[in-house]
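I opened my notebook to go through this structure step by step. My entries are in the order in which I looked things up.

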Amino acid sequence: MAVVPSDIDLIATHAPKQRGAVATYIRRHPTIVVGGVLLGLMIAMAIFAPYLHTVDPLALAPAKRLKWPTAEYWFGTDMLGRDLFSRTIYGARVSLTVGISVAILSTGLGLFIGLVTGFNRAVDAIVMRIMDGLMSIPSVLIAIALMALTRASLQNVIFAITVAEVPRVTRLVRSVVLTLREQPYVEAAFASGTTQIRTMWRHIVPNTLPPLLVQGTFIAAGAMITEAILSFIGAGTPPTIPSWGNIMAEDRAVFLVAYYIVLFPGIFLSLTVLGINLLGDGLRDALDPRLARRL
């Protein structure tokens, strides 16, 4: 008489295999795990900010100004008596919004422009000269110039940083397209009568996604630093929006007597950028077949 294994037996059998697979993945890609955990914690902190023992980050309390960290004020208070812990937690929303938005917009625009310039030589000659000109100027200076022409707002900061990052993505995608369009399977697709758009969608775009994904992580990290720089010099988000750059900028005058005001947002910004960079490095190692063979 045949014995049919129960669900419990099947779960018990597969559980060690699953644990072994997870352990193997962590051992092979530790930077992805560490970076993903750091970034995940920061995203969770930003999402659940109202439930993390925070108060209104804009609430003023002049009588409690410049209080050092205590059990009541975990990160202390600033020059206007605002709770620094709450402002730092809510500041994660601004930095992550800027980083993720700029990464998505710049990679999307760069992918489109790179595909067009990679297949059209006439457009390539004109567009890439414009991109070369933009790349010759530091991205921070481009962002500052664009912010000087507009009013301070979160949307304008995202727009300014996106414009500065698009040329780098475009050049990356264009270089990949120029290599792929000479491959035999692409030439065979054209020879069989496949349209250019269908060929790009089926054969070119999937092969540009791995390097584009890695580039997107580094763009997100760079955008967060650029946003902090813009806010620090007064050309970024308005003071009414608690961002890490604004927090450090508003209270840098009292750094010598209350250095904790700059310390805590600086630590959170560094940890977030570190997590994104680790994630990008891990994805590069995992998606590069030449590096994957060595792991």
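Before anything else I fixed my terms: a residue is buried under 20% relative accessible area, exposed over 50%, and partly exposed in between. I also noted that this is a predicted model.

**Entry: a buried arginine**

I looked up Arg 82 first. Its relative accessibility is 7%, so it counts as buried, being under 20%. Next I asked what the side chain of Arg 82 meets in a salt bridge. It is Asp 78, at 2.8 Å from N to O. Asp 78 has 0% relative accessibility, so I wrote it down as buried.

Then I checked Arg 87. Its side chain also meets Asp 78 in a salt bridge, at 3.8 Å from N to O. Arg 87 is buried too, with a relative accessible area of 0%. Salt bridges that share partners join Asp 78, Arg 82 and Arg 87 into one network.

I added a general reminder: side chains of opposite charge can pair when their charged atoms come close.

**Entry: another salt bridge**

How many salt bridges does the structure hold? I noted 5. One of them links Lys 64 and Glu 72, with the closest N and O atoms 3.9 Å apart. I wanted to know whether these two partners are buried or exposed. Lys 64 is partly exposed, because its relative accessible area of 33% lies between the two limits. Glu 72 is exposed, because its 54% is over 50%.

**Entry: the overall plan**

I stepped back to the whole chain. The protein has 11 helices and 0 strands. Read along the sequence, the pattern is α-α-α-α-α-α-α-α-α-α-α. Of its 295 residues, 43% count as buried.

**Entry: two helices that cross**

I picked out helix H4, residues 121-135, and helix H6, residues 154-180. Their axes come within 9 Å and cross at roughly 135°. That makes H4 oblique to H6. The reason is the cut-offs: an angle over 145 degrees would count as roughly antiparallel, and 65 to 115 as roughly perpendicular, so roughly 135° falls in neither class. I also noted the hand of the crossing of H4 and H6, which is left-handed.

**Entry: positive phi in the loop between H2 and H3**

I searched for positive phi in residues other than glycine. His 53 has a phi near 60°. His 53 is found in the loop between helix H2 (30-47) and helix H3 (84-119). At 52% relative accessibility, His 53 counts as exposed.

Leu 66 also has a positive phi, of about 55°, although it is not a glycine. Where does Leu 66 lie? I found it in the loop between H2 and H3. Leu 66 counts as partly exposed, at 25% relative accessibility.

**Entry: a nonpolar patch on the surface**

Last, I looked at the surface. A nonpolar patch of about 860 Å² is made there by Trp 68, Phe 255, Leu 256, Val 257, Tyr 259, Leu 263, Ile 267, Leu 271 and Leu 274. I followed up on one of these residues, Leu 256. Leu 256 sits in the loop between helix H9 (244-250) and helix H10 (260-287). I asked whether Leu 256 is buried or exposed. With a relative accessible area of 79%, Leu 256 is over the 50% limit and is therefore exposed.

Technical notes:
Residues are numbered from 1 along each chain as its sequence is written. This is a predicted model: local features need pLDDT of at least 70, side-chain atom pairs count only at pLDDT 80 or more; totals for chains, interfaces and linings use all residues. Side-chain values use heavy atoms; hydrogens and water are left out. Patches are made of residues with over 30% relative accessible area and no salt bridge: like charges are joined within 9 Å, nonpolar side chains (Val, Leu, Ile, Met, Phe, Trp, Tyr) within 5 Å. Accessible areas come from the Shrake-Rupley method with a 1.4 Å probe; for residues, only the protein chains shown count as cover. A salt bridge is a side-chain nitrogen of Lys or Arg within 4 Å of a carboxyl oxygen of Asp or Glu. Helices (H or I, at least four residues) and strands (E, at least two) are DSSP runs, numbered from the N terminus. Buried means under 20% relative accessible area, exposed over 50%, partly exposed in between (1.4 Å probe, protein chains only). Axes are lines fitted to C-alpha atoms, for helices over the stretch in contact, and angles run from 0 to 180 degrees between N-to-C directions. Angles under 35 degrees count as roughly parallel, over 145 as roughly antiparallel, 65 to 115 as roughly perpendicular and the rest as oblique. A crossing is left-handed if the near helix is turned anticlockwise from the far one by less than a right angle, and right-handed if clockwise.
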